[in-house]
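This report describes the packing of a helical model. Its sequence and coordinates appear below.

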Amino acid sequence: MILLWLLVCARYDLRRREVPDWLTLPAVGLALVYRLLTPEGWLPWVLAGVSVLLTLAGALPGGDMKGLVAMALFDPRLYLLAWLGAGVVYLLWRVLRRERRMPGYVGFMVGGIAWIIV
């Protein structure tokens, strides 16, 4: 289910360079409920907070932040693999397309695939 959500978000990100709130906000809400019902320490909250701080500092777009917050609250490993996937895709995007801006959800989806495999 998470991969399907990431795929839909990645498609929007590729086409429009933004992901609509109707895709990201419910994911954040569901992840928040999940985390409140299954508390497992402080790491998910810290990682979600890092994403919010990066957005407030202007280093991370709001749509990417909402997706990363949802992933951090759901499973910190997914969050970390999403960042790793985004880094790999960014490097490839930079080399092949010679662009600095790349659709973050494409990288998040790569990380989500790695999360499923691992």
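## Core and helix packing

K66 is buried (under 20% relative accessible area, with a 1.4 Å probe and protein chains only), its relative accessible area being 14%. This residue lies in helix α4 (helices are DSSP runs of H or I, at least four residues, numbered from the N terminus). Beyond its neighbours within four places in sequence, K66 is in contact (heavy atoms within 4.5 Å) with D21, T24, L25, V28 and Y105.

The model is predicted, so local features need pLDDT of at least 70 and side-chain atom pairs pLDDT 80 or more, whereas totals for chains, interfaces and linings use all residues. Residues are numbered from 1 along each chain, and side-chain values use heavy atoms, without hydrogens and water.

The largest nonpolar core (buried Ala, Val, Leu, Ile, Met, Phe, Trp, Tyr and Cys joined through side-chain atoms within 4.5 Å) has 32 residues, of which W5, L6, L68, M71, Y105 and F108 touch the most other members. The helices below each supply at least two of its residues.

| Helix | Residues |
|---|---|
| α1 | 2-16 |
| α2 | 21-37 |
| α3 | 43-56 |
| α4 | 62-74 |
| α5 | 76-97 |
| α6 | 104-117 |

Helix α4 gives the largest share, seven residues. Outside its neighbours within four places in sequence, F108 is in contact with L6, D64, L68, M71, A82 and A86.

The α5 and α6 axes (lines fitted to C-alpha atoms over the stretch in contact, with angles from 0 to 180 degrees between N-to-C directions) come within 6 Å and cross at roughly 125°.

Notes
Buried < 20%, exposed > 50% of the residue type's maximum accessible area, 1.4 Å probe, protein only.
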